[in-house]
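Ready for some hands-on practice? Open the structure and work through the exercises below, trying each one before you read its solution.

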Amino acid sequence: MIAIITGDIINSRGYDTTEWMGRLKTCLSQWGDTPKTWEIYRGDEIQLRLPIDEALFAAIRIKALMKTIKGLDIRMGIGVGTESFVGAGVSESNGTAYQRSGITLEALKENKVNLMIATADSEYNRTLNLMLKLASDFMDDWSTVSAEMVYLVLGNPEKSQQNLAEQLHIKQSAVSQRTKRARLDLVQELLAYYKTTINSIQE
């Protein structure tokens, strides 16, 4: 069982790729090397292969990164399933995880959301996708500074608010305010729920 995230960047045509490409590559590299683990293709589409328990964390961290640039966002479909064929790159591989990810990405516009998951368990999908829809109500509205805070906290869980304040050259109280505005407590509760339930899903 693996997870595949397939995504496309929203509003990418209005920006020079140098504004986001390098940062996105750095982010994706934490899960492995291109092209076996991740690829960026057709200019603004991504595919990432990773363990199932890391999939939602990765999707939210990628979203936070893209929203650090005003006007940008990303649409992502997460597919959980099997891998039946391993190609030279992740975009050439296949299996139910890949198929579900691609179909889910296509369904996002119709459902007017930017993040959905598909597993073999339709009841689990309904529950988690409702949670993601509710969370998207505030995640889609993250300001650039809120998104930056989410990205940093998720990537540096061992750092205190004071450490983050020193890194950003702001006051600790500002870190606290930004995490509250970003509803980071709810994001972390959602991630905890996902991590404790996803391994019960069978193909």
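**Exercise 1.** In which sense do strand β4 and β5 pair, and over how many bridges?

*Solution.* Keep in mind that you're looking at a predicted model. Start with β4, which covers residues 73–81. Follow it next to β5: the two pair in the parallel sense, over 4 bridges. For one such bridge, pick G79 and look across to its partner in β5, A118.

**Exercise 2.** Now zoom out: what is the strand order of the open sheet, and which strands are at its edges?

*Solution.* Walk across the 5 strands and you get β2-β3-β1-β4-β5. The pairing in this sheet is mixed. Next, find the strands that pair on one side only: these are β2 (38–41) and β5 (115–118), the edge strands. Finally, check the twist: ignoring direction, neighbouring strands are turned by 15° against each other on average.

**Exercise 3.** Describe how helix α2 packs against helix α5.

*Solution.* First locate the helices: α2 spans residues 55–66 and α5 spans residues 144–155. Their axes are 8 Å apart, at an angle of about 140°. Then look at the handedness, and you'll find a left-handed crossing. Now list who touches whom: α2 brings F57, I60, R61, A64 and L65, while α5 brings A147, V150, Y151, L154 and G155. Sort these by class and you have 8 nonpolar, 1 polar and 1 charged residues.

**Exercise 4.** Which rings have a charged end sitting over them?

*Solution.* Stay with the helix pair for a moment. R61 has its charged end over the ring of Y151, 3.8 Å from the ring's centre. Elsewhere, R183 does the same kind of thing with F138: its charged end sits over that ring, 5.9 Å from the centre. The cut-off for the distance is 6 Å, and R183 at 5.9 Å is within it. What about rings pairing with rings? With centres required to lie within 6.5 Å, the count is 0 aromatic pairs.

**Exercise 5.** Where are the cis peptide bond and the positive phi of N11?

*Solution.* The cis bond runs from T34 to P35, with omega near 5°. P35 belongs to the loop between α1 (21–28) and β2. N11, which isn't a glycine, has phi near 70°. You'll find N11 in the loop between β1 (2–10) and α1.

Key: Residues are numbered from 1 along each chain as its sequence is written. This is a predicted model: local features need pLDDT of at least 70, side-chain atom pairs count only at pLDDT 80 or more; totals for chains, interfaces and linings use all residues. Side-chain values use heavy atoms; hydrogens and water are left out. Axes are lines fitted to C-alpha atoms, for helices over the stretch in contact, and angles run from 0 to 180 degrees between N-to-C directions. A crossing is left-handed if the near helix is turned anticlockwise from the far one by less than a right angle, and right-handed if clockwise. Contact means heavy atoms within 4.5 Å. Ala, Val, Leu, Ile, Met, Phe, Trp, Tyr, Cys and Pro count as nonpolar, Asp, Glu, Lys and Arg as charged, and the others, Gly among them, as polar. Rings of Phe, Tyr and Trp (its six-membered ring) pair if their centres lie within 6.5 Å; planes under 30 degrees apart count as stacked, over 60 as edge-to-face and the rest as tilted. A charge sits over a ring if NZ of Lys or CZ of Arg is within 6 Å of the ring centre and within 35 degrees of the ring normal. Two strands pair if DSSP finds at least two bridges between them.
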